[in-house]
Amino acid sequence: MGLGEQLQSADWKAEKHVPVIDCPDVVKADQIFKVELSVGKEIAHPNSVEHHIRWIALYFHPDGDKFTYQVGLFEFNAHGESVKGVDQGPVYTHHAVTAQMQVNQPGTLHSMSLCNIHGLWEDSRKIAVE
Ligand SMILES: [Fe+2]
């Protein structure tokens, strides 16, 4: 079974693992815009040593292109670890990030997230260029 067949997707309003992409539907060519990535937008995902989101990756696939380009990889590294014990630590990274990027042609943004126990999840969003 290929990796692609293991990527799970669902309606983000009903599933806490989907890496939701928030960005403009239309952007200007070569102008920086913001892309917000979040997991558990409507239904919170846990953030503990036992159960957390490790990272979200963002990719751009230009329309008609053979290849997909990686935009960024955003890691969330604090989940309550401490010498005092599991989930006794002083810091937790929330699993959301705002990236900034620009494109010169229309295409599709693809997001992928990893939950440490529930595997890989994906979402996508078209962006037009004016
Ligand atoms: Fe999970």
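The paragraphs below lead through the strands, sheets, core and two individual residues of this protein. The structure is a predicted model, in which local features need pLDDT of at least 70 and side-chain atom pairs count only at pLDDT 80 or more, while totals for chains, interfaces and linings use all residues. Residues are numbered from 1 along each chain as its sequence is written.

The secondary structure comes to zero helices and eight strands, where helices (H or I, at least four residues) and strands (E, at least two) are DSSP runs numbered from the N terminus. Read along the sequence, the pattern is accordingly β-β-β-β-β-β-β-β. The C-alpha trace spans about 55 × 35 × 25 Å along its principal axes. Of contacts between residues at least 6 apart in sequence, 61% join residues at least 24 apart, two residues being in contact if their C-beta atoms, placed from the backbone, lie within 7 Å.

The strands can be followed sheet by sheet. Strands of a sheet pair through backbone hydrogen bonds, either parallel or antiparallel, and here two strands are said to pair if DSSP finds at least two bridges between them. An open sheet of five strands has the order β2-β8-β7-β4-β5, with mixed pairing. Its edge strands are β2 (26-27) and β5 (69-75), each of which pairs on one side only.

Starting from the β5 edge, β4 and β5 pair in the antiparallel sense over six bridges, and within this pairing I56 stands opposite F74 in β5. The hairpin of these two strands has six residues between them, and in it G64 takes a positive phi near 80°. Strand β4 (residues 53-62) also pairs with strand β7 (residues 107-115), again in the antiparallel sense, over nine bridges. Along this pairing F60 has L109 in β7 as its bridge partner, and H61 stands opposite T108 in β7.

Continuing across the sheet, nine bridges join β7 to β8, which run antiparallel, and the hairpin that links β7 to β8 passes through three residues. Here L114 stands opposite L120 in β8. At the other edge, β2 and strand β8 (residues 119-129) pair in the parallel sense over two bridges, with V27 opposite V129 in β8.

The other sheet to follow is an open one of three strands, in the order β1-β3-β6, with antiparallel pairing. Because β1 (19-22) and β6 (96-101) stand at its edges, each with a single partner strand, one side of each is left without a neighbour in the sheet. Neighbouring strands of this sheet are turned by 25° against each other on average, direction ignored, the axes being lines fitted to C-alpha atoms (for helices over the stretch in contact) and angles running from 0 to 180 degrees between N-to-C directions. Four bridges join β1 to β3 in the antiparallel sense, and V20 stands opposite S38 in β3.

Turning to the interior, buried residues make up 20% of the 130 residues; a residue is buried if 20 or more other C-beta atoms lie within 10 Å of its own, exposed if 12 or fewer, and partly exposed in between, with C-beta atoms placed from the backbone. A nonpolar core is a set of buried Ala, Val, Leu, Ile, Met, Phe, Trp, Tyr and Cys residues joined through C-beta atoms within 7 Å. The largest such core has 12 residues: I21, V27, V35, L37, V39, I53, I56, L58, F76, L109, C115 and I127. The elements that give two or more residues to this core are β3 (33-39), β4 and β7. One of the core residues, C115, is in contact with H17 and I53, leaving aside its neighbours within four places in sequence.

Two residues show contrasting surroundings. H110 lies in strand β7 and counts as buried because 21 other C-beta atoms are within 10 Å. Not counting residues up to four places away in sequence, H110 touches Y59, H61, T68, E122 and S124. G80, by contrast, is found in the loop between β5 and β6 and is classed as partly exposed because 18 other C-beta atoms are within 10 Å. With the same exclusion of residues up to four places away in sequence, G80 touches S48, V49, D87, Q88, G89 and Y92. G80 and G119 are 39 residues apart in sequence and 20 Å apart in space, C-alpha to C-alpha.
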